[in-house]
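I opened the notebook to look up ring pairs and one threonine. Short entries follow.

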Amino acid sequence: MKKVVVFAILTFALVLAGCGGGSSNGPIGAVPNATINTGDAVNPAILKFELTVSAVTLTGTSGTATTGNLLSRPGEVEFVHQAGTMEPLAVVNIPAGTYSGATLTVSNPEVTVVNGSTPTSIPATLSSTTITVTFPSNITVGSGTSTVLNFDLDLAASVTLNGSPTITSATVTPTFNVTTSTVNVNKEDEESGEVDDVHGSVTAITAPNFTIQTETSTITFATDGNTRFEDGITQLSDLKVNDIVEVDGMTKSDGTKLATKVEREGGSSGDEAEGIISAVTGSPATSITIAHQVSHSNTTATTVDITINSSTVFSVRTDKLSISAPAFDATHIGNGQRVEADANVGGTPLVATKLKLREQGIVGTVAASPAPTSSAFTLTIDPNSAFGKLSGVTSLPVTVPGGATLKTTPSAGASVLVRGLVFVNGTTYSMIATRGEDN
């Protein structure tokens, strides 16, 4: 079935570190010239897909030498939570020149699906540890410009699931589509330099800059008078080394990163975990279980149990959207929603001090009735998809508010990936779209 672009593509940032020798983002003050991103076109049956990326090289052409490994360290990249968005893997200096493709070295595929109503990790076999990508057209990296390379994983084409109705294993052949852009500081999105929801631990602070370590890279951010500090911090001096933070930012014309928002999620003894809710206990809820996607502790568990109490603060991040969000709290929570739990102390179960509703990508077919418009439509959900199995819904009303970037008016029968916030009221589900992409 033909897939249709509905909203702006916002790929997950796979940002390479170093140049030919494989240096990292470097010390505070280093000036990179490139950001290399990865994104994901969802396979709706998969809750989690993770690869360890240990090497990336760019293939030189027209007299340009092929680079060495651009990664300073292996990075574990989870793709499903990135559907329609970007996050950084590394920020780098790529030698000026012309490149015709890239080679990635990958390992350790991890796949989680839903069998019945239970998140299940299944054995995954990688067809090759080497991925060769040919760019649609040669890309040129200049010495005076900042470049963004976007590696968009086609998850539907990359993973074959074996077994029915019980999925027993997966065969993995990673397939990427690659685009490039030049940083435009006046009109950035994740494809051209914007950075959203980057999580990591603070490793260094040298005002006005600070550095964080994510699951995949080391990234330095500058701050200025417009940087917003939230959740108990009002200025850079309130931040401490080893704090867990979430950062939004932009790429400046020289390739450096500027933080527009810094949120402190916890101290050095804290933890955070993100994933899709697979079980809710109590009404109001006293605990939930999530199918684990990413976390600060790098746990390998398939699921994470989270305790909710009277002190847990619920929040919905609406960003640039002009919306009045529906309720999200202990009585308005359900299976299939994507959430982040922040805890002051790590452990099992995590005791959530904060529970945040997070954006997620959902694939469906645009229903003919009610007639789809640019501001609202309904998705028909495959009951065999992971979201369908967990939520039990087959129809999902979608609202497109001001601030969402609508690329094409949805048409009846089109298969689309919509990224947004999912809300639950009893057994009724709805979605507020933020953006989306081809799947």
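**Aromatic pairs.** I counted the aromatic pairs in this predicted model, and the count comes to seven. I then looked at Phe314 and Phe328, which form one aromatic pair. Their ring centres are 5.4 Å apart and the planes meet at 75 degrees. Over 60 degrees counts as edge-to-face, so I logged this pair as edge-to-face.

Where do the two residues of this pair sit in the chain? I found Phe314 in strand S22, residues 313-316. Phe328 lies in the loop between S22 and strand S23 (338-343). The two are 14 residues apart, and the pair links distant parts of the chain.

Is Phe328 buried or exposed? I read a relative accessible area of 7% for Phe328. The limit for buried is under 20%, so Phe328 is buried.

I also noted a cluster linked by ring pairs. Its members are Phe49, Phe79, Phe135, Phe151 and Phe176.

**Thr98.** I located Thr98 in strand S5, which covers residues 97-115. Its relative accessibility is 18%. That is under the 20% limit, so Thr98 counts as buried.

What does Thr98 touch, leaving aside its neighbours within four places in sequence? I listed Thr59, Gly60, Thr61 and Thr64, then Asn138, Ile139 and Thr140. With Thr140 there is also a polar contact, side chain to side chain, at 3.5 Å.

I checked Thr66 as well. From C-alpha to C-alpha, Thr98 and Thr66 are 9.5 Å apart in space. In sequence they are 32 residues apart.

Technical notes: Residues numbered from 1 in each chain as written. Predicted model: local features only at pLDDT ≥ 70, side-chain atom pairs only at ≥ 80, totals over all residues. Heavy atoms only, no water. Phe/Tyr/Trp six-rings, centres within 6.5 Å; stacked < 30°, edge-to-face > 60°. Helix = DSSP H or I, 4+ residues; strand = E, 2+ residues; numbered from the N terminus. Buried < 20%, exposed > 50% of the residue type's maximum accessible area, 1.4 Å probe, protein only. Contact = heavy atoms within 4.5 Å. Polar contact = N/O pair within 3.5 Å; in protein donor to acceptor, adjacent residues only side chain to side chain.
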